[in-house]
Amino acid sequence: MQIFCTAFFCGDFLNNTKQKYISSALLLLIASVFVKAISAVYKIPLTAYIGATGRGYFNIAYNLYMPLHALIMGALPVALSHLVSKYNEKNDAAKIHSLKKAANRLFFIAGMLGLLFMFLFAKPYAEIISSSPKSVYTIYILAPTVLFSSMAACRRSLAEGYMNMVPTSVSQVIEAVFKLVFGLLFAKISMGRLYEMYLQMGAVFGIVCENEETALSVIYPLTSAAAMGGVTVGAFAGLIYVSVYTSVKYNSYIPRKIYKTKDSMREILSFSAPIVVSTVMQSASSFLDNASVQYCLSICSLDGLKTAYAKCIELTSTPDEDIVTYIYGLFSSAQDFKNLIPGLTMALGVAAVPAISAAFESDNIQRLSTLSNSIFKYTSLIAFGGGFYLSLIAPNMLGILYGSSNYDIVAGSSNLCVCFGFTMFIYCLAGLSVFSVQAIGCAKKSIPYFLLSAVVRVAVNFLLVSNYRINLYGTVVSGAAGYLVILISNMIIYSRYSGVKFKPSVLFFKPLMCSAVSFAAAKMIFSSLFSGGDDLFDFAVMSGIYLILFTILILLSKLITFSEIKILQYSKKMA
């Protein structure tokens, strides 16, 4: 009887945790889909205003910002979410109250340091590393976002510790909407005023422009900086929302037992220290990866690059001095595409941290193993299925987005996007494996592998990207190789220190086969029955064929069962 009761309550506890996880992850996934859709809508007119060259300036600014963003969003929030989940499991509300006060200070300090870093290193980075001095304006405008994002992350991770993903989801949508509205508004106003200035005076802010190409070379960096203002406004709006939400929902508790704020700060820092180091390594790896791509393009034969991208350059009349920035802008457009599915699966990773932390604290290996395999299986299905799907419809999707306004992006990025689609599962599963290792407090074990990943990626970039015949296609190989190191190492670490046993057939082989068969069958059926031609028609038909086949295959292979569909329906009601 005792064994039966224990099994019953553990099973009930596991089901509740799984339902909460699916509910939280579903909410984040829905928000992520909205954000991606808004982002796609945003980038079409934005690219029309600033062109691929302007997108190059945009991405250069993000290359300096993202390591700081990853450090703030990937270290302290994980620590706070884990600790809130841990003490909530112990019903210690006083400790959570103390953690909240300590986190407010830590996140503000981190945000201010990041802001100062952006301002101090903007010019050296733009001039020396990026070989794009005019990108400095965009970096300056983006800098306050570090502070706003850090303060918002503090509030969001507090709620995430309770497995409440509402503030995270809603704030992401708010940020995206404000970025869309104000980014396009600022870009349109600045482009109109600056171009009018050129037409009236033949100069832009005193810089004489001999022709339209010269004028646009001056205008694009300023318009890109103006558009970046929408990102900063969006981050501030998101901060206002989460501050109000958490103040109303989590500020009613009056502690009877007092914990010292300094002790709570030490606890957050102690838990986050290895995560900070591993995140620094991961961010440095990404920074070096992107910086090495820029540098390798700059040392490529200019004539070789002009030959490789002759059609694109002819369409845009890009001057020689902007060719490297322009090609990097094409890479940025492909990166947007490549980050679509990992951006969605990150929601599963964020939701996994408190779920795995609670299961790990319970010392029930069976519960943790069942939960972990479910989380990785769902991520794997989205990763493989989404990656192959995007490879299938990449040219059509780019044609729909940019065909009428910036066809050069379609011509220059389509094949690169197809290649990235086939490797997308590596990025998705690597991200989840990192979150999982952090959730059980083993982040420091990953540090050497982030260093190894950085070495692999930079080395492959220098070997391949610097060859003008391969150029940007070398990033497909370097990214896949580097993140494969992260994926394999973190899966081994998580399995070893948590006791979880993974099922390779469920996590890798079956999702791969379902995706590959659906991809090949959709290609064959479409080419046999339809002639093609219109991007929207081709996109709709191939999407329908692929999704129907993929759904049938995952049901036949029992990757998704009807009991899980019932849980999903219940979770929708909770969300």
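Which helix gives the most to the lining of the second largest pocket? Helix 1 does, with 6 residues. The legends below start there. This is a predicted model, in which local features need pLDDT of at least 70 and side-chain atom pairs count only at pLDDT 80 or more, while totals for chains, interfaces and linings use all residues. Residues are numbered from 1 along each chain as its sequence is written, and side-chain values use heavy atoms, with hydrogens and water left out.

**View 1. The second largest pocket and its lining.**
General idea: rolling a probe the size of a water molecule over the atoms shows where empty space is left. Here a pocket is an open set of points on a 1 Å grid over the protein atoms alone, where a 1.4 Å probe fits and protein lies on both sides within 12 Å along at least five of seven lines; lining residues have an atom within 4 Å of a point. The second largest pocket has a volume of about 350 Å³, where volume is the space filled by probe spheres set on the points, and points are joined across faces, edges and corners. Its lining counts 21 residues, and Gly51, Leu216, Tyr220, Thr316 and Thr318 lie nearest the centre. At least two lining residues come from each of helix 1 (2-74), helix 7 (212-250), helix 10 (310-316) and helix 14 (407-439). Helices are DSSP runs (H or I, at least four residues), numbered from the N terminus.

**View 2. Ser317 and Ile323, around the start of helix 11 (323-338).**
Ser317 sits in the loop between helix 10 and helix 11. Most residues other than glycine have a negative phi, but the phi of Ser317 is positive, near 55°. Ser317 is partly exposed, at 37% relative accessible area; the scale calls a residue buried under 20%, exposed over 50% and partly exposed in between (1.4 Å probe, protein chains only). Ile323, in helix 11, is buried at 0%. Beyond residues up to four places away in sequence, Ile323 touches Leu302, Lys306, Ile313 and Thr318, where contact means heavy atoms within 4.5 Å. Ile323 and Tyr309 are 14 residues apart along the chain, and their C-alpha atoms are separated by 9.5 Å.

**View 3. Helix 5 (residues 144-161) from end to end.**
The 18 residues of helix 5 should span 26 Å at 1.5 Å a residue, and the end C-alpha atoms are indeed 26 Å apart. The expected span is 1.5 Å times one less than the number of residues. Helix 5 is mostly covered, with 16 of its 18 residues buried. Met163, with a positive phi near 60°, follows helix 5.

**View 4. Val242 and its contacts.**
Val242 belongs to helix 7 and is buried, with a relative accessible area of 0%. Setting aside residues up to four places away in sequence, Val242 touches Ala152, Arg155, Arg156, Pro167 and Ser171. Val242 and Thr168 are 74 residues apart in sequence, yet 7.8 Å apart in space, C-alpha to C-alpha.

**View 5. Inside the largest nonpolar core.**
A nonpolar core is a set of buried Ala, Val, Leu, Ile, Met, Phe, Trp, Tyr and Cys residues joined through side-chain atoms within 4.5 Å. Among the 165 residues of the largest core, Met118, Ile268 and Leu390 touch the most other members. Not counting residues up to four places away in sequence, the contacts of Ile268 are Leu76, Ala79, Leu80, Leu83, Leu99, Ala102, Ala103 and Leu106. Apart from the largest core lies another, of 7 residues, including Leu147, Met151, Ala235 and Leu239.

**View 6. Two cysteines without a disulfide.**
A disulfide is a pair of cysteine sulfur atoms within 2.5 Å, and by this rule the count is 0. For Cys312, the nearest cysteine sulfur belongs to Cys417, 12 Å away. Cys312 counts as buried, at 4% relative accessibility. For Cys514, the nearest cysteine sulfur is that of Cys428, 17 Å away. Cys514 is also buried, at 6%.

**View 7. Lys558 in its loop.**
The loop between helix 18 (535-556) and helix 19 (562-574) holds Lys558. Lys558 has a positive phi of about 65° although it is not a glycine. Is Lys558 buried or exposed? Lys558 is exposed, with a relative accessible area of 65%.
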